[in-house]
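Student: Please take a close look at a single part of this structure, and then follow its connections outward. I would like the cut-offs for the terms as they come up.

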Amino acid sequence: MKKLFIFLTTAVSIFLLAACSSNTETRDLLEQPIKKDATTMGTYIQVTVYDKGKEKAVEEALKIAEQFNDWVSVDKTNSVIDEINDKAGITPVKVNSEIYELIKLGYNYSAENRGYDITIGPLSKLWNIGFPDARKPEQSEIDKVLPLVNHQFLEFDDQKSTVYLSQKGAKLDLGSIAKGYAAMKMVEDLKNNGVTTGIVDLGSSSIYVIGQSPRKGGDPWTIAIKDPNDPEKSQLGILKASDQHVNTSGIYERYLEVGGHRYSHILNPKTGFPFDNDIASITLLISGEDASNGDGLSTMIYALGTKKGYEYVQTLKNVQAVFVDKDSKVYITKGLKDQFELTNDNYKMGKIDDLK
């Protein structure tokens with residue numbers, strides 16, 4: 001029986017445009033990069049490196065993703081997350097330092113009470129959006145599992161490195177943050193092994209660019225953001241990034257359609273139903289060392305809607321955002337003035353002050 005994974009890409013909505021040229025010799029970089037890939041964590045992962053002699057470093061980075069897949073996959077034998085869920089209300093579970101840090105990160109996001117909760121497992125399993133058996137549950141079913149969704153059921157012991165779900169039936173779901181966290185570990189490992197120029201691409205919804213483009217002169221990388229209304233064929237605009245990560249969440253790749261209504265995969269832990277607001281997609285550009293690569297953050301911002309989400313991003317350090325709403329308006333935070341270009345005539349730049 002095929003195993004199920006909690007990792008389902010939010011939206012295949014960003015991709016690298018041509019980044020290399022024949023003018024790489026002045027920086028002693030490869031003209032044809034080292035490129036390796038793997039299908040793991042429920043998505044396609046590719047690592048591209050332009051530094052010479054870094055084949056082993058690329059292989060080691062991919063092994064990190066495969067290791068996290070073993071640790072946090074749902075219904076996988078010896079999965080750490082499965083063990084924590086199975087022993088909910090029974091006993092704490094000792095975990096390794098990476099998983100301990102990851103779960104604490106999810107707990108901290110949850111504690112902000114902005115629409116994200118790491119214990120949403122019972123609810124996400126009920127809807128199962130993204131799987132063949134996805135369905136709209138009955139209200140009675142939702143009412144039954146909602147009391148199990150509460151990050152305050154999590155208990156940590158820093159000395160023993162244990163995690164405990166105190167409520168029987170509660171379940172962790174790390175699908176919104178684990179992939180980004182693994183990406184950051186991969187980037188850290190690549191840099192420690194001397195990589196200065198490269199790309200870590202996790203299903204195109206999450207991309208980290210290391211250093212600057214291999215073009216002569218070290219121009220920024222050029223990243224195309226896909227059109228949320230036509231993600232397979234056209235792009236919305238172009239974003240420039242250097243040593244930064246780009247993370248996108250949207251409603252158009254994973255959804256459930258029932259009676260003509262489209263339900264997003266991003267679930268509200270308070271109501272039990274998918275969020276339904278004005279956002280079609282949101283793309284974050286993040287600098288610094290955010291351990292989750294922006295995954296949990298993008299979920300929180302999506303939950304707020306365009307106006308409040310925009311205002312929240314403005315309070316954050318090292319984070320900029322591109323919002324696309326369902327009326328085909330695009331809103332960019334102030335720091336992206338010289339880094340984003342709208343290239344699709346079907347969209348117009350909007351003024352955030354015009355939104356209520």
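Tutor: Let us start from Lys-104, which counts as partly exposed because its relative accessible area is 28%; here buried means under 20% relative accessible area, exposed over 50%, and partly exposed in between, with a 1.4 Å probe and protein chains only. The model is predicted, so local features need pLDDT of at least 70 and side-chain atom pairs count only at pLDDT 80 or more, while totals for chains, interfaces and linings use all residues. Residues are numbered from 1 along each chain as its sequence is written, and side-chain values use heavy atoms, with hydrogens and water left out.

The side chain of Lys-104 meets that of Asp-158 in a salt bridge at 2.9 Å, N to O, where the term requires a side-chain nitrogen of Lys or Arg within 4 Å of a carboxyl oxygen of Asp or Glu. This pair links distant parts of the chain, since Lys-104 lies in helix α3 and Asp-158 in the loop between β5 (154-157) and β6 (162-165), 54 residues apart; helices (H or I, at least four residues) and strands (E, at least two) are DSSP runs numbered from the N terminus. Lys-104 also lies over the face of Phe-156, at 5.6 Å from the ring centre. Such a placement is counted when NZ of Lys or CZ of Arg is within 6 Å of the ring centre and within 35 degrees of the ring normal.

Helix α3 takes part in a further contact of this kind, as the side chains of Lys-185 and Glu-101 form a salt bridge of 3.6 Å, N to O. Here too distant parts of the chain are linked, with Lys-185 in helix α6 and Glu-101 in helix α3 (residues 97-111), 84 residues apart. Lys-185 is partly exposed, because its relative accessible area is 24%, and Glu-101 is also partly exposed, at 40%. The rule gives a count of 10 salt bridges, including one between the side chains of Glu-257 and Arg-262 at 4.0 Å, N to O. Of these two residues, Glu-257 is partly exposed with a relative accessible area of 48%, and Arg-262 is partly exposed with 43%. Arg-262 also places its charged end over the ring of Tyr-255, 3.8 Å from the ring centre.

Helix α6 leads on to the aromatic pairs, of which a search of the whole structure finds 9. The rings of Phe-68 and Tyr-181 have centres 5.6 Å apart and planes at 70°, so this pair is edge-to-face; rings of Phe, Tyr and Trp (its six-membered ring) pair if their centres lie within 6.5 Å, and planes under 30 degrees apart count as stacked, over 60 as edge-to-face and the rest as tilted. Because Phe-68 lies in helix α1 (residues 55-72) and Tyr-181 in helix α6 (residues 178-192), the pair ties together parts that are 113 residues apart in sequence. Phe-68 and Tyr-181 are both buried. Another edge-to-face pair joins Trp-127 and Phe-273, at 5.5 Å centre to centre and with 75° between the planes. Trp-127 belongs to helix α4 (residues 121-127) and Phe-273 to the loop between β13 (261-264) and β14, so that distant parts of the chain, 146 residues apart, are linked. Trp-127 counts as buried because its relative accessibility is 0%, whereas Phe-273, at 23%, counts as partly exposed. Ring pairs also link Phe-68, Trp-71 and Tyr-181 into a cluster.

From β14 one can step to strand β11 (residues 244-250), since β11 and β14 (residues 279-286) pair in the antiparallel sense over 6 bridges, two strands being paired if DSSP finds at least two bridges between them. Within this pairing, Thr-283 in β14 is the bridge partner of Thr-248. β11 also pairs with strand β8 (residues 206-210), in the antiparallel sense over 4 bridges, and there His-245 in β11 is the bridge partner of Tyr-208. In a regular strand the side chains alternate between the two faces of the sheet. In β11, Gln-244, Val-246, Thr-248 and Gly-250 point one way and His-245, Asn-247 and Ser-249 the other, and all are buried.

For the setting as a whole, the chain has 7 helices and 18 strands, and buried residues make up 54% of its 356 residues.
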